[in-house]
Amino acid sequence: MDLTREEEAILNGEQGEGRQKAMELVTALGKIYGADSLIDITSAHLSGASYKTIGDGGLKYLEDLVGGGATVSVPSTLNPVGMDRTRWKEMHISEEFAQKQLRIIDLYGQMGIKKTCSCTPYVGPNVPSMGDHVAWAESSALSFVNSYIGARTNREGGPGALAAAILGKTANYGLHLDEKRVPTVVIDADIDGSVFSYSLLGQAVGMAIGSGIPYFKNISPEVEEAKALSAAMAASGSIALYHVEGVTPEAGNFDVSELETIHIGKKELKAAFDKLNTVEDVQLIAIGCPHLTEKEMHQIAQFLKGKEKKNKDVEVWFCTSTEIREKCAEDVKIMEKFGPVLADTCMVVAPIEGTFQRTGTNSAKAGNYLPTLCSQKAMCMDIAALMELVL
Amino acid sequence: MIFQGRCISNGKARGEVIKLEEPLSFLGGVEGSTGELKVREGNVAGKILVFPKGKGSTVGSYVMYDLMVHGKEPAAVINEAAETIVATGAVISSIPMIDQIPSVRLFEDGDIVTVDASAGTVDIEGITFKEVVSSVVSKDGKCILEKRPDSCHSYPGHWSLVAGKIEPGESPVDAARREILEETSIKVGEPLGTMDPLYVREGKVLFKVYPFHFDAGNQEVKLNEENETYVWASIEDAKGMKTVTDTELVMTTFLKNINKA
């Protein structure tokens, strides 16, 4: 790999041990994936924020990085953590977990990372522009900014994205390159256009192709729909970029006439639905994976206004970011009659397995991870159908 | 014997090999506070940990860090192909690591090796390296298997393809033709097929095996004194026989399409 004189100097430790370790990691990953050089990034988004997922090893790693004086050199945001920072008792979180989780957030903060913790930073504090090179972890968010915005990032892991944030650089390979952003298959979609139908579409596409770069015809997602689609495809498959004819910014660059076309319609959506639904009654309904946007908060509040929660045996959680919870104070009042509006956490990275065994969600992404990461039997339906269970 | 790989994480280490045949997920595969393996018996602490490649959760990188924090990390890691999780874990935990070695089959548990990760090399101490050929000589979907005598120093009493050592200065294909002529009196032409070399350990001997496939035509087999007897064997026949390592693999690779046709 061609390194500049300054990059060589960092690798040789001339700018301290923290930056040297970061450079070792970025160049090692670059080597594995055949990068020719490093490129400057404009932002980073980091995963590995929940104590549940990174454990004591991860916590010690962050302690050591901060001890070594590491700081980020580009604007950087953080993924959801294992609990709401102030309302963790309502989530049945233990004191020990809470202390360690708060320490992790504090350590990221000391490195200069914004301490709001969300999987949808692209609707608020961290919005890349078309053509920006960035280093993002969080599979749903990086797919959204790659596809809907036209920024460029690979599927970074937590430590890799953090190293890139410290350096302000990442290795130039994969989705940073024009030739690696070309569609590999056409998806002829037949869906009803609801947000939930985009979740099922994503689930079905992930099941059908696994990886690759799909090019969609006959859909017109807005932010919320693209959010659901990105998250579902990144969880049921490992899809980090897609194009939508007439919608996403790079779609017009490609001639797809020679590509194989896969039809996804009622039959495929039904199979996707069946795969995600393994239980008929739940103890928890968790909505907001990825985090609810302002528009979704309004819609849910509209739907719930004047209604009453009758089924007291089922808990309801709504998950969003601190900013959006503050912005939507009126909606929050209505929603809180049904359950807490939790900030900066979600049902996947919180240790819900200590309390619940059966969880309902409207998210195909959560539907994939609840069984594996949280030992849950999962139900996956649209928000109205889920709320009917407690009305 | 020194082999060249590629540096992933700098450093040097000498130690005893512990080897896994399958891809490893550190999350679930290794106990972070003790180094105890959960996928087989053994402990990675202070060992040269050899496995084909990483798999599983990205949290595996932090399990490697956890090992380091507890002083239970492997002295070095050797992979066939590095991927993000293990490479990340090795770099952040300052564990020397190389990849792109030809095969994990170079190694056996208990080997003493020196890894110079910065140079990308691994030195396996006390082994002898031999380059050999092993040929499927076939007729009608069957091939010659020779029975080695019990006095043979390598794989005594086993059934083998037509095999032998490559002489100094000899090309593998010439060695294959010569061995076939010497052992069976069959003259073969150009190979019908070749495979990437295979590595096989037999005690302290490491064989690099070049497999070939030749057509026997209608020639008659006349054994020399090296082997006791021979048979024409199909892939199915070989399954029930005590054969030299990889015999079935090589037969299957070369003969399965013929049998289908």
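In this predicted model, chain A splits into three domains: domain 1 covers 5-178, domain 2 covers 182-275 and domain 3 covers 277-388. Domains 1 and 3 of chain A have C-alpha centres 27 Å apart, and they do meet, with 23 residues of domain 1 in contact with 18 residues of domain 3. The domain 1 side of that contact is a mix of 9 nonpolar, 9 polar and 5 charged residues.

Between domains 1 and 2 of chain A, as assigned, sits A:Lys180, in the loop that links β5 (169-171) to β6 of chain A. How buried or exposed is A:Lys180? With 13 other C-beta atoms within 10 Å, A:Lys180 counts as partly exposed, because the buried class starts at 20 such atoms and the exposed class stops at 12. Once neighbours within four places in sequence are set aside, its contacts are A:Gly174 and A:Leu175. Looking further along the chain, the C-alpha atom of A:Lys180 is 10.0 Å from that of A:Leu241, a residue 61 places away in sequence.

Next comes the sheet of chain A that includes β6. Four strands make up this open sheet, ordered β8-β7-β6-β9, and their pairing is parallel. The edge positions go to β8 (243-244) and β9 (261-264) of chain A; each has a single partner strand, so one side of each has no neighbour in the sheet. At the β8 end, strand β7 (residues 214-217) of chain A is joined to β8(A) by 2 bridges, again in parallel. A:Tyr215 has A:His243 as its bridge partner in β8(A). Helix α7 (residues 195-209) of chain A lies across three strands, namely β6 (185-189), β7 and β9 of chain A, and makes an angle of about 140° with β9(A).

Further along chain A, helix α13 (residues 364-374) is largely enclosed by the rest of the structure, because 8 of its 11 residues are buried. The buried set takes in A:Ala364, A:Lys365, A:Ala366, A:Gly367, A:Asn368, A:Tyr369 and A:Leu370, along with A:Cys374. Just after α13(A) comes A:Ser375, which has a positive phi near 50°.

What about the nonpolar interior? The largest nonpolar core runs to 200 residues, and the residues with the most contacts inside this core are A:Val26, A:Ala44, A:Leu201, A:Met347 and B:Val137. Helix α8 (residues 223-236) of chain A is the top contributor to the core, giving 8 residues. For A:Val26, the contacts beyond four places in sequence are A:Leu38, A:Ala163, A:Ala164, A:Leu167, A:Lys169, A:Thr170 and A:Ala171.

Turning to where the two chains meet, 18 residues of chain A are in contact with 19 residues of chain B. On the chain A side, at least two residues come from each of α2 (17-32), α3 (51-67) and α6 (158-167). Of the elements on that side, α3(A) gives the most, with 8 residues. By class, the chain A side has 7 nonpolar, 7 polar and 4 charged residues.

Chain B itself has 6 helices and 16 strands, and its C-alpha atoms fill a box of roughly 65 × 40 × 30 Å along the principal axes. Buried residues account for 43% of its 261 residues. Contacts in chain B often span long stretches of sequence: of those between residues at least 6 apart, 71% link residues at least 24 apart.

Two domains are assigned in chain B, domain 1 (2-124) and domain 2 (128-260). Their C-alpha centres are 34 Å apart. Contact between them involves 5 residues of domain 1 and 4 residues of domain 2, and the domain 1 side has 2 nonpolar, 1 polar and 2 charged residues.

Inside chain B, strand β3 (residues 12-19) has pairings in both senses. With strand β7 (residues 112-116) of chain B, the pairing is antiparallel over 5 bridges, and here B:Ala13 stands opposite B:Val115 of β7(B). With strand β4 (residues 48-51) of chain B, β3(B) runs parallel and shares 3 bridges, and B:Ile18 stands opposite B:Leu49 of β4(B).

How values were computed: Residues are numbered from 1 along each chain as its sequence is written. Chains are lettered from A and ligands numbered from 1 in the order in which they are written. This is a predicted model: local features need pLDDT of at least 70, side-chain atom pairs count only at pLDDT 80 or more; totals for chains, interfaces and linings use all residues. Two residues are in contact if their C-beta atoms, placed from the backbone, lie within 7 Å. Ala, Val, Leu, Ile, Met, Phe, Trp, Tyr, Cys and Pro count as nonpolar, Asp, Glu, Lys and Arg as charged, and the others, Gly among them, as polar. Domain bounds come from an automatic or database domain assignment. Two strands pair if DSSP finds at least two bridges between them. Axes are lines fitted to C-alpha atoms, for helices over the stretch in contact, and angles run from 0 to 180 degrees between N-to-C directions. A nonpolar core is a set of buried Ala, Val, Leu, Ile, Met, Phe, Trp, Tyr and Cys residues joined through C-beta atoms within 7 Å.
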